[in-house]
2 protein chains.
Amino acid sequence: MLENARGRKSSREKILDAASELVAEIGAGRLTLDAVAERAGLSKGGLLYNFPSKDALLQAMIQRMIDQVSASREALRTQIEPGRNLEARLTATALLNMCCGGRMQQVATGLMVATAENPRLLDPVRSVIAETLQRIKEGSEDLDAALLGWLAVEGLSNLEMHNLSPFSDQDREHIVQAINRLLTKGIAP
Amino acid sequence: MLENARGRKSSREKILDAASELVAEIGAGRLTLDAVAERAGLSKGGLLYNFPSKDALLQAMIQRMIDQVSASREALRTQIEPGRNLEARLTATALLNMCCGGRMQQVATGLMVATAENPRLLDPVRSVIAETLQRIKEGSEDLDAALLGWLAVEGLSNLEMHNLSPFSDQDREHIVQAINRLLTKGIAP
DNA sequence: ATTTATATACCGACCAGACGGTTCAGTTGC
DNA sequence: GCAACTGAACCGTCTGGTCGGTATATAAAT
């Protein structure tokens, strides 16, 4: 239900987009309701009508981010060739697509806001990560390689998220290939 | 110079400790000068005498964190047996000691504050990471394994930092062993 | 058909508290 | 005498949240 009857984005979506953009531009700690309202093209009252508190807004940002990663992973399921450590490869590829592609901001910055404002907002993320571990544990032929591959992607994503990545595009591509090799071939005996 | 002439912690250290503790307890976005001063056992004036602004305090927190990791790595240099991918193993072990041991908070929370308040504060961290990459590139026989090992440690550290880790102590130990195997044996051909 | 009622979506002035930082006279210990 | 504070008042700004009001649409009543 992304659009209303007249084919325009709903206020909710406009607000979430605006909030994500702003966090990417001015930083997580500087996100204000006034700024979000202005960017979204409505008043502060209108914003607080849609999200009764800042916490509610942040929660929605996080949830949207979680849903996007899940959707990306399931979409990949039909595209990626099955085989060794499939679940880890799906998770890795989904995360890489989100965080090293263009949509990184929404994923990354939502997290940042959350930790700064209220660590409790990360509870849903905790659940998702626990589920991911479960899925990887169950759907991997080589658990060690699967875990390391997943963690490496997490590490890379985190560096990119905070703009701390020292990697060139070439480096990154190299790393992605190495992760895939690790996931399909495993650790040397 | 952690202690002054009478063998007590200097005010600077007390303040930095207090700030780290507070961030760990109440979250990065809620750190206030008043709270730090109270926790450190001096007045707000005294706090601002030592750190003329909140930014200066945050900078010092970050710097201390960087220095701790560096020191830990160099201390390990005399303890870890030399061999394959030494630099990556040193970096990995230093990070693991910091983030999965007790001192995690200082390392982790400094980062969190910084990103919330002012992304520029992370500039020194950027430099350190770039240097680390350089060191690993130069001091590794198997670059792919070295990079993946390092990234996996970064991923694990990040999860622990944000309290997002789904791993049991057993899991963690298993992972650390797997990382060491990856670093010493490499990826399967 | 016209009035009345109700719900939805939104506006924007205002408020209360928090927070970073200033000031400054006074104190303590080397 | 100087460095390292104390204590407390004060200021200006920012910001989340409140609240009474408004416009539009749809439904109900007359």
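**Note on the protein–DNA model: two chains, two strands**

1. Helix H3 (44-50) of chain A, helix H2 (33-40) of chain B and helix H3 (44-50) of chain B each supply at least two residues of the surface near DNA strand C. Helices (H or I, at least four residues) and strands (E, at least two) are DSSP runs, numbered from the N terminus. The largest contribution to this surface is from H3(A), with five residues.

2. Some ground rules. This is a predicted model, in which local features need pLDDT of at least 70, side-chain atom pairs count only at pLDDT 80 or more, and totals for chains, interfaces and linings use all residues. Residues are numbered from 1 along each chain as its sequence is written, while chains are lettered from A and ligands numbered from 1 in the order in which they are written.

3. DNA strand C is surrounded by 17 residues. A residue is near a molecule or strand if its C-beta atom, placed from the backbone, lies within 6 Å of it. The closest are Leu42(A), Ser43(A), Gly45(A) and Gly46(A), together with Lys54(B). The surface near this strand has four nonpolar, eight polar and five charged residues. Here Ala, Val, Leu, Ile, Met, Phe, Trp, Tyr, Cys and Pro count as nonpolar, Asp, Glu, Lys and Arg as charged, and the others, Gly among them, as polar.

4. DNA strand D also has 17 residues around it. Those that come nearest are Lys54(A), Leu42(B), Ser43(B), Gly45(B) and Gly46(B). Helix H2 (33-40) and H3 of chain A, with H3 of chain B, give two or more residues each. H3(B) gives the most, with five residues. By class, the surface near strand D has four nonpolar, eight polar and five charged residues.

5. The protein interface comes next. In it, 37 residues of chain A are in contact with 36 residues of chain B; contact requires C-beta atoms, placed from the backbone, within 7 Å. On the chain A side, the elements giving two or more residues are helix H6 (104-117), helix H7 (123-138), helix H8 (143-161) and helix H9 (169-185). H8(A) has the largest share, ten residues. This side has 23 nonpolar, eight polar and six charged residues.

6. How do the two chains relate? Chain A can be laid on chain B by a turn of 179 degrees and a shift of 0.0 Å along the axis, with an RMSD of 0.2 Å. The superposition is by least squares on the C-alpha atoms of residues with pLDDT of at least 70 in both copies. That is the relation of a two-fold axis. Of the interface residues of chain A, 97% are also interface residues in chain B, so the copies meet through the same surface.

7. Chain A has nine helices and zero strands. Its C-alpha trace spans about 60 × 35 × 30 Å along the principal axes. Of its 189 residues, 39% count as buried. Buried means 20 or more other C-beta atoms within 10 Å of the residue's own, exposed 12 or fewer, and partly exposed in between, with C-beta atoms placed from the backbone. Among contacts in chain A with a separation of 6 or more, 67% join residues 24 or more positions apart.

8. One helix pair in chain B deserves a look. Helix H5 (residues 86-100) and helix H8 (residues 143-161) pack at about 5 degrees, with axes 9 Å apart. The axes are lines fitted to C-alpha atoms, for helices over the stretch in contact, and angles run from 0 to 180 degrees between N-to-C directions. H5(B) is therefore roughly parallel to H8(B). Angles under 35 degrees count as roughly parallel, over 145 as roughly antiparallel, 65 to 115 as roughly perpendicular and the rest as oblique. Residues of H5(B) in the contact include Ala88(B), Ala92(B) and Leu96(B), and those of H8(B) include Gly149(B), Trp150(B) and Val153(B). The contact has ten nonpolar residues, three polar and one charged.

9. Leu183(B) lies in helix H9 (residues 169-185) of chain B. Leu183(B) is buried, with 27 other C-beta atoms within 10 Å. Not counting residues up to four places away in sequence, its contacts include Arg84(B), Asn85(B), Ala88(B) and Gly149(B).

10. Check two backbone angles in chain A. Asn85(A) has a positive phi of about 50 degrees, though not a glycine. Asn85(A) sits in the loop between helix H4 (54-77) and helix H5 (86-100), and is buried, with 26 other C-beta atoms within 10 Å. Asn163(A) also has a positive phi, near 55 degrees. Asn163(A) is in the loop between H8 and H9, but counts as exposed, with 11 C-beta neighbours inside 10 Å.

Conventions: Contact = placed C-beta atoms within 7 Å.
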